Amino acid sequence: MKRTAFILTIWLFVLSLALGGCGNSRKSYEQAKAGTVRYLDKHRTDLLELAGGILLRKSAEEATYGNMLHISYDENAGGLFVIFDIDAQGMLGGQYWGLYYSPDNLFNLSDPPEDRWTRLDEDRCYWQEEDGNNFFAMERLEDHWFFYYRDFDGNVHGLDWAADAATESSVTE
């Protein structure tokens, strides 16, 4: 009996650690952005060299770098872009984020079309599906480098940049 209780206690302890860890592993928008900024700071030279080669070839076929999820090349009416998918979380939806490089220092506003995006200022824009649960956001980190975030579970982090912008403008007045 004591042995069974001991094994059950150990099993419950391990299970609680596992479930507790799952809850803590989800990253907020700000955590994802901070991690991406650190990644850029650490790997800037290599990523810039990689982006330059991809732009010359106009292809990211077979491009890899460290443990990055995916690298792609996009050319659309908005310009040329090299996209570095850094990380993701969740299943069947979830959140995806990373960096992209734009030699022309432009937002990649082709999907959805540019007229559906809300531009809050020269460094931030977002799109939220009216009758759905998709939320996309982009921020300029520095010249030519942008952070992107796509949330297919809805705006689970409650980002409201329009309210933030209104608050910022009322504070500065």
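Two strands count as paired if DSSP finds at least two bridges between them. Keep that in mind for the exercises below, which all work on a predicted model.

**Exercise 1. Work out how β4, β5 and β6 are connected, and where β5 sits relative to the rest of the structure.**

Solution.
- Start with β4 and β5. They form a hairpin, with 2 residues between them. The two strands run antiparallel and are joined by 3 bridges, which meets the cut-off of at least two. To find the register, look at T118: it stands opposite Y126 in β5.
- Now go on to β6, residues 135–142. This strand pairs with β5 over 5 bridges, again in the antiparallel sense. R124 stands opposite E139 in β6. Here too you have a hairpin, this time with 6 residues between β5 and β6.
- Last, check burial. Strand β5 spans residues 124–128, and 4 of its 5 residues are buried, so β5 is largely enclosed by the rest of the structure.

**Exercise 2. Classify the ring pair Y96 and F152, and say which parts of the chain it ties together.**

Solution.
- A search of the whole structure turns up 13 aromatic pairs. Take Y96 and F152: the ring centres are 5.8 Å apart and the planes meet at 70°, so this pair is edge-to-face. The cut-off at work is an angle over 60 degrees.
- Next, place the two residues. Y96 belongs to strand β3 (residues 95–101), while F152 is in the loop between β7 (145–151) and α3 (161–172), so the pair ties together parts 56 residues apart in sequence.
- Finish with accessibility. Y96 comes out at 33%, which makes it partly exposed. F152 is partly exposed as well, at 28%.

**Exercise 3. Do the same for W127 and F136, then find the charge that sits over one of the rings.**

Solution.
- The centres of W127 and F136 are 5.0 Å apart, with 45° between the planes, and the pair is tilted.
- Both accessibilities fall under the 20% that marks a buried residue: W127 has 12%, and F136 has 6%.
- The charge belongs to R150. Its charged end sits over the ring of F136, 4.2 Å from the ring centre.
- Before you leave the aromatics, pick out Y29, W97, F147 and Y149, which form one aromatic cluster.

**Exercise 4. Is S102 buried or exposed, and which residues does it touch beyond its sequence neighbours?**

Solution.
- Locate S102 in the loop between β3 and β4 (118–121).
- Its relative accessible area is 1%, so S102 is buried.
- Set aside the neighbours within four places in sequence, and S102 is in contact with L80, F81, H144 and F146.

**Exercise 5. Step back and describe the whole protein.**

Solution.
- Count the elements: there are 3 helices and 7 strands. Read from the N terminus, the order is α-α-β-β-β-β-β-β-β-α.
- Look at burial: of the 173 residues, 36% are buried.
- Turn to the surface: the protein exposes about 10,700 Å², and carbon and sulfur atoms supply 54% of that area.
- Then check the contacts between residues at least 6 apart in sequence: 48% of them join residues at least 24 apart.

Terms used
Residues numbered from 1 in each chain as written. Predicted model: local features only at pLDDT ≥ 70, side-chain atom pairs only at ≥ 80, totals over all residues. Heavy atoms only, no water. Phe/Tyr/Trp six-rings, centres within 6.5 Å; stacked < 30°, edge-to-face > 60°. Helix = DSSP H or I, 4+ residues; strand = E, 2+ residues; numbered from the N terminus. Buried < 20%, exposed > 50% of the residue type's maximum accessible area, 1.4 Å probe, protein only. Lys NZ or Arg CZ within 6 Å of the ring centre and 35° of its normal. Contact = heavy atoms within 4.5 Å. Areas by Shrake-Rupley, 256 points an atom, 1.4 Å probe, with all protein chains shown as cover.
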